[in-house]
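Thanks for making time this morning. I would like to walk you through a structure that is new to most of us, so please have the view open as I speak.

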Amino acid sequence: MTPGAGLDIARSRCFSLLSHVDHGKSTLADRILELCGAVDARSMREQFLDSMDLERERGITIKAQNVRLTWRDFVLHLIDTPGHVDFGYEVSRSLAACEGAVLLVDASQGIEAQTLANCYAALEADLTIVAVLNKIDLPQAEPDRRADEIERVLGIPAPDVLRISAKTGQGVPELLDAVVDRIPAPTGDPDAPLQGLLFDSYYDPYRGVVSSVRVFNGTLTTGARLRYLQAGATHEAEEVGVRTPDPTPVAALGPGEVGYLIAGIKDVGEARVGETVTGAARPGAPLAGYRDPKPMVFCGLYPVVGDEYADLRDALEKLRLNDSSFTYEPETSGALGFGFRCGFLGLLHMEIIRERLEREYDLSLVATSPNVEYRAVRVDGAVEMVDNPSAMPPPSELETIEEPYVTVTILTPTDYVGPLMDLAQARRGEQTKLEYLAEDRVELVYALPLAEIVVDFFDQLKSRTRGYASLDYEPAGYRPADLVKVEVLLNGVPVDAFSTIVHRQEAQDYARRMTVRLRELIPRQLFDVPIQAAVGGRIIARETVKAKRKDVLAKCYGGDVTRKRKLLERQKEGKRRMKQIGRVEVPQEAFVAALRLDES
Amino acid sequence: MPSSTDAGRRDLGVYVHIPFCATRCDYCDFATWTDRGGLVDAYVDACVTDLRRRVAAGELTPASSVFFGGGTPSLLAPDALVRILDEIPRRAAAEVTVECNPDSVDGPKLRTYARAGVNRCSFGVQSMQPHVLAALGRTHDPANVTRAVAAARDAGIENLNLDLIYGAHGESRADWDATLEAALALDPPHVSAYALTVEPPTPLGRRVAAGTSPGPDDDDQAAKYERADEVLGGSGRPWYEVSNWARPGHECRHHLLYWAQGDYVGIGCAAHAHRAGVRSWNVRAPERYLERIAAGRSPEAGRETLDPATRADEALGLALRTRAGASVPAAAAAEAAALEAAGLLARRAERVALTRRGRLLATEVTVRLLAAATPTVSTSVAVGTR
């Protein structure tokens, strides 16, 4: 049973760990690695799970990881999946590399929204599910009750639900035995044309792109000429190996094996999640289910200091080598200068990218408020995808605007159903389901405009339920809506950074809030400056920055001319850095402050 | 010891800083102390020593003006002030000013001053309305102003200035009109009117920062400035600097020196000096000044030498504050024309001067001219659209 093509496929198991945030996935992974004698837990953590600082801090997994373990006389391939709804597609590809999944549920918390979402995704991928209640050592654990809940909600018989404590290790060997007993062995023909699924790629500055791969058919051999079917490119397999978790080169990977592949690729965009690799000489068919990563949420990212534009561009380039699922293109804003319009898989993804840019590349950034991608249907029937509010055509040219919807699943204690229904209703939600999972737990399902949840829906949900409700969502197509573009004009000139698309009923509110805020932040000029908000050319809110009447030092005292001159010098520098919006001079800080207020 | 051979010489001023006050005004951030009375005699001695050294070094030639500022110079015993003044070589027609608190002068004191050569008094009046004075943290009774002015005239000091401050919390437009009227009733040849300015490290600054007291309102102060300019200018005292009005011939010579980048010597702690493009300032605390003088060292704490471009920028900023105005660098001609069209500048031959509205916006106008005169490095971007 040496690693490589000699593996007995009947003695291999490929499975993932699925759980809601904080239900103990990382701890369980630690314990499994220890039991299998892979490494001690400390160095394992550094190499295996949650390898980015951000992942550790936020307690979520962003990248898929995998490790090869030995349990009794079986080889286990454990694949860790990203733990957030933004990365649903990556999760689906990780699951596609498995035959089974361990579904971890906290024995006191019970089923949460992500438990459901994960379970459905696993069932959709035809996986065998091993349900496990964790944290049974805690006094507030109610394993019997939670097992019943699992049976009722997920249809997994209660007696089949295992009970463990990942912390103490209790029940973990039995869990590994269950993985071996219940999850089917992979099938596949080592002599067929190669079919390998890439389910993760990251960029290593020394090795280039390192991909995680699951072989379904054929044999992936070091040195082979490979065809990447989606990218349409040919590369040589420079190194093939397995992670134990230390990367260990092997001669070949056969069906039912999971490992890594290095093929001299410089850009993760050429080795995307979901890609099929096959032999260049004897190509196999592409595996099903590939999708181009599709950004759902967009915003403008600008350096706070204009000089950092080139640094931002370089940082985006580098970051994209590691994450091909976000997009960026240069844009110029009258208010914020040179920056980029960026697209993200979701709001968390956006926050992660922004945080990494600021942290790893030492940039100070300002983001315009996030928006979704709209379908603008013109009067002549032509359809345009609009990812920047300021690019939305004028109302006279539009038949309708359609916006993306999502199906939102919320699990909550019954006490909070009322407040949550209020919240969903205020966000234009349409209830499609209300079901009691137990006498004290309710599942709510809503159709909601994505735009309504990208800003603060999650925070609102948490604060209205004291943190007890959980949320998951998935895309649910486009629907026409009564949407309008609100433009903000400074002395008659539109300020792009504040254009937004909102439901007609919210236009007035946004208009009033933004004009008042800008009136407070924009310094007085030599003339009155009207700040207006308009919908389709009609003014719906107006404020005025009154002309400045006084700006003079009363006195330069006792011959202290130096102080006065320094003041003038500072103001002169400030004047030269002003953004010019028509005739109005505004320090960029004012715009930045207005946008930051919107974030908070 | 006035000297008489001064015709055609470049003006030279002497500023003497007296850092002692009876009480501190709420808005004041000057170098002054209310708890250092015990230092006064030593301080006067140090000023005398400092002056003697400078005369011996040839640094202090006969002065065209002397200005005792503070602090409250009139707190000094009359002979103490005279001891200092006696050490300053002066030209025949030298202007000698003492800043006086109306509370701390009387006939004998002013007569002693006058005999020693003081020929100008600047009274810190601030307001003639008691509730406004209280809001400023001032203690004097407006009636003392009338008495002090009369006493100065009795002593033969006719060249008088009244310092006014506008914009205190609770000062109405009518209060300000009343203050202007009462000030003019005393018939001073010179009036200074300063907008109350909030300096952070003062009791007023702290109250404003804490939100317990509203700061002065720009629009209110603008209206009061315009009113002052109307009233004072209309009384035969045209403005000659942003905050100063005088009958022709009564402009303060010493202050004109500051605004013309003239030369002046600084005596005492915290005093500033300028000579031919080198600006310097003395140590700020009186104790430090005493130590330096006692150790035979210069009291200078720091200095800067202005390069020609900085000196030119400074000249523009200072000259624009005066009625004579400034000549505009060629690169800023278009900006000057725009400011003229906006009614902020008026052209006089080769120079431009601030209009009344322009004086209220002197900083903005100066900054625009300076920015226009400096080659630009900023990255301007397309306006408004993507």
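Let me begin with a detail: in which sense, and over how many bridges, do β2(A) and strand β3 of chain A pair? Before I answer, please keep in mind that this is a predicted model. The two strands, with β3 covering residues 74-80, run antiparallel to each other and are joined over seven bridges. One bridge that you can pick out on the screen links W71(A) to its partner F74(A), which belongs to β3(A).

Stepping back from that pair, we find an open sheet of six strands with mixed pairing, in the order β2-β3-β1-β4-β5-β6 of chain A. The edges are taken by β2 (65-71) and β6 (162-163) of chain A, and because each has a single partner strand, one side of each has no neighbour in the sheet. Lying across β1 (12-19), β2, β3, β4 (100-106) and β5 (128-134) of chain A is helix α1, residues 25-35, which runs at about 150 degrees to β1(A).

Now to chain A as a whole, which contains 15 helices and 34 strands. Its radius of gyration is 28 Å, close to the 25 Å that the globule rule gives for 600 residues, so chain A is as compact as a globular protein of that length. Of those 600 residues, 48% are buried, and, among contacts with a separation of 6 or more, 69% are between residues 24 or more positions apart.

The domain assignment divides chain A into domain 1 (9-182), domain 2 (195-279), domain 3 (297-369), domain 4 (375-481) and domain 5 (484-599). Taken over C-alpha atoms, the centres of domain 2 and domain 4 of chain A are separated by 38 Å.

One residue that I would like you to look at is I265(A), which sits in the loop between β15 (258-262) and β16 (276-279) of chain A. Is I265(A) buried or exposed? With 23 other C-beta atoms within 10 Å, I265(A) is buried, and, leaving aside residues up to four places away in sequence, I265(A) touches G208(A), V209(A), H235(A), E270(A) and A271(A).

Finally, let us turn to the contact between the chains, which takes 40 residues from chain A and 47 residues from chain B. On the side of chain B that touches chain A, α14(B) gives the most, with eight residues, and the residues of that side divide into 20 nonpolar, 18 polar and nine charged.

Methods: Residues numbered from 1 in each chain as written. Chains lettered and ligands numbered in written order. Predicted model: local features only at pLDDT ≥ 70, side-chain atom pairs only at ≥ 80, totals over all residues. Contact = placed C-beta atoms within 7 Å. Helix = DSSP H or I, 4+ residues; strand = E, 2+ residues; numbered from the N terminus. Nonpolar A, V, L, I, M, F, W, Y, C, P; charged D, E, K, R; others polar. Domains from an automatic or database assignment. Rg over C-alpha atoms; globule rule 2.2 N^0.38 Å. Buried ≥ 20, exposed ≤ 12 C-beta atoms within 10 Å, placed from the backbone. Pairing = 2+ DSSP bridges. Axes fitted to C-alpha atoms, helices over the stretch in contact; angles between N-to-C directions.
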